Amino acid sequence: MKSEELFNESKKFLPGGVDSPVRAYKPYPFFAERAKGSKIIDVDGKTYIDYCLAYGPMVLGHANPEVMAEVILQLKNGSAYGVPTEKEIELAKMVVKKVPCADMVRFVNSGTEATMSAIRLARAATTRNKIVKFEGSYHGAHDYVLVKSGSGAMGLPDSPGVPEETTKNTILVPFNDEDVLLDLVKDQGDSIAAIIIEPIMGNIGFIPPKKGYLEFLRKLTSENDIILIFDEVITGFRIAEGGAQEYFGVTPDLVTFGKILGGGFPIGALAGKKELMEMIAPSGNVYQAGTFNGNPISVTAGLTTLKQLNHSFYSEMNLKGEKLRDGIRDVLVENDLNYQVAGLSSMFQVYLTEKEVWNYEDAKTAQIDKFTHYFQTLLNNGVFVPPAQFECCFLSLMHSDDDIQNTLEIIDKGMKTIKNL
Ligand code: PMP
C-alpha cells in the first residue's frame, strides 16, 4: 500500500510521521490524494465518506466550487501583502453581523493563537492572572491551556516543557457542575481573569451544557468581574449562524474562532465587546501580531464560505444530523447495544459506554479499545471518522441521503465487530 510506504518514509522526517498527533493511528494513516464534496480519496485510490472534514472546517464539503473560484481569483492577485485589505473589513463586518458578542474582530492564524490572545486580553483587562478551564476541554496547544486537555492530548500527561509557573494559574473544573464553580469563585474570584469554555465540549466527543449551565456561568462571571470566553473554534458558524452563543442565547464577553471561518484555509479570530477589543495593539497596548494575520487567501475563502451559511443551510444540516443520529440509534437497538449517541445539528459522536456523558469522568468510561476496532471496520468499509473516541464527527452540506444510508450500514458492521469483543 502506498500509504504504508509513505508513512514509513514520513516517520524519518516528521516526528511520528505526521504534523499533528491525532492523525497518527495504527497501523498507519491513509495519505490523502484529493477530496471533493463529502468524499476524501487516498493515494491508493480508495474513497471514503468523510466525517472528519479536516476536524471541522469543511462545512460546505471539500473543494466547494464558489470558494475555489474566489480563491483562484485572489491567488492571481497575490497571496500575502502585509498591508490591510478591504476584504478583512468585509469579513469582520460579517462576523459582527452574525455573532451576538462581536463588536470588533482580530484575525489570527489558528484557534490556538485566538485563545492565547483572548486569555492575554482578559488578563490585561482584569489585571488578574488566573484562568479557569474545564477538564477535557481543548483550546489549542499553547502553555496556558495544556492542562487535562481533550483532543490529541486526551489521556496524555500534561506536556513536558510547560512550566509549572504557567499552569499553576490554570484552574481545572468539571463541566456541568455549578457547585464546584460557586465554591471556587467564592474563594478565589478576585484573582480569576477569565473562564474559558467550549459551550459544547467537542474535543472529548460531544458533551452539551446542561440546561441553564451557560446562563449560570454568565451570571457568575458578570457578578464577579470575570471575563467569560466562549471558545467557538468548533461550534462557530456550525451550530447556528451566530454559533453556540446564538443557539443557547447566552452572550459571552469574548469569543474565539478558527476552522469554518477560514473556509478550509488557516485562520483564527478573537472577537468581542468594543471596550475589550480596543485594548489590543495598536489601538491599545495588549500585544498581538502576526505576519499572516488577515491573510487574503484565508479571508477570501472565509467570506465565500460564510456567505453561503444562511438560515436554510442550518435547517438542512439539522435534518441531516438528526437522520444520521436516529439511524445510529436504530442500529444500536437492532444490535442490542446501549451506547450513547450524542450530537446536535451537524456534530455527532457515539460513546461506547452505557453511561450518560456529561463531563470528562463520564466520557472516560467509554471503551476506547473497542473504539479502535469500530474505527478500523468503518475505515476498511470506506467511512472515515476521526480516529479517536474523544473527537467529534462532522457532517457537511454535501453529505447526501445515500451517503448517510451507506454509512448506517457500515456503522452496523462496526457495531457487529465490537459486539462480541
Ligand atoms: N479550540 C477548540 C475548541 C478546538 O477544537 C481547537 C482545535 N481543534 C482549537 C481551539 C485549536 O485550534 P487550532 O488547531 O486551529 O490551533
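In this predicted model, 17 residues surround the ligand, and the closest are Ser 110, Gly 111, Thr 112, Gly 140 and Val 233. By class, the shell around the ligand divides into 11 polar, 4 nonpolar and 2 charged residues. Which element gives the largest share of this shell? That is helix α4, with 3 residues.

Let me turn to the sheet on which α4 packs. This is an open sheet of 7 strands with mixed pairing, and its order is β4-β10-β9-β8-β7-β5-β6. Strands β4, residues 104-108, and β6, residues 170-173, stand at the edges; each has a single partner strand, so one side of each is left without a neighbour in the sheet. On average, neighbouring strands here are turned by 20° against each other, direction ignored.

Within this sheet, strand β8, residues 227-231, runs parallel to strand β9, residues 254-257, and 3 bridges join the two. Ile 229, for example, has Leu 254 in β9 as its bridge partner.

Two helices that pack on this sheet deserve mention. Helix α3, residues 86-98, touches β4 and β10, and its direction makes about 125° with that of β4. Helix α4, residues 111-126, touches β4, β5, β7, β8, β9 and β10, and its direction makes about 165° with that of β9.

I move now to a second sheet. It is open, has 3 strands in the order β11-β12-β14, and its pairing is antiparallel. At its edges are β11, residues 340-344, and β14, residues 393-394, each pairing on one side only. Between β11 and β12, residues 347-351, there are 5 bridges in the antiparallel sense; Ala 342 has Gln 349 in β12 as its bridge partner. Helix α11 packs on this sheet, where it touches β11 and β12, and its direction makes about 175° with that of β11.

Helix α11 also has a helical partner. Two packed helices are described by the angle between their axes and the distance between the axes. For α11, residues 311-334, and α14, residues 401-419, the axes come within 10 Å and cross at roughly 30°. With angles under 35 degrees counting as roughly parallel, α11 is therefore roughly parallel to α14. The crossing is right-handed.

Which residues meet here? From α11 they are Lys 320, Lys 323, Leu 324, Gly 327, Ile 328, Val 331 and Leu 332, and from α14 they are Ile 404, Thr 407, Leu 408, Ile 411, Asp 412 and Met 415. By class, this contact of α11 with α14 has 8 nonpolar, 2 polar and 3 charged residues.

Definitions and conventions: Residues numbered from 1 in each chain as written. Predicted model: local features only at pLDDT ≥ 70, side-chain atom pairs only at ≥ 80, totals over all residues. Pairing = 2+ DSSP bridges. Helix = DSSP H or I, 4+ residues; strand = E, 2+ residues; numbered from the N terminus. Axes fitted to C-alpha atoms, helices over the stretch in contact; angles between N-to-C directions. Contact = placed C-beta atoms within 7 Å. Parallel < 35°, antiparallel > 145°, perpendicular 65-115°, else oblique. Left-handed = near helix turned anticlockwise from the far one by under 90°. Nonpolar A, V, L, I, M, F, W, Y, C, P; charged D, E, K, R; others polar. Near = placed C-beta within 6 Å.
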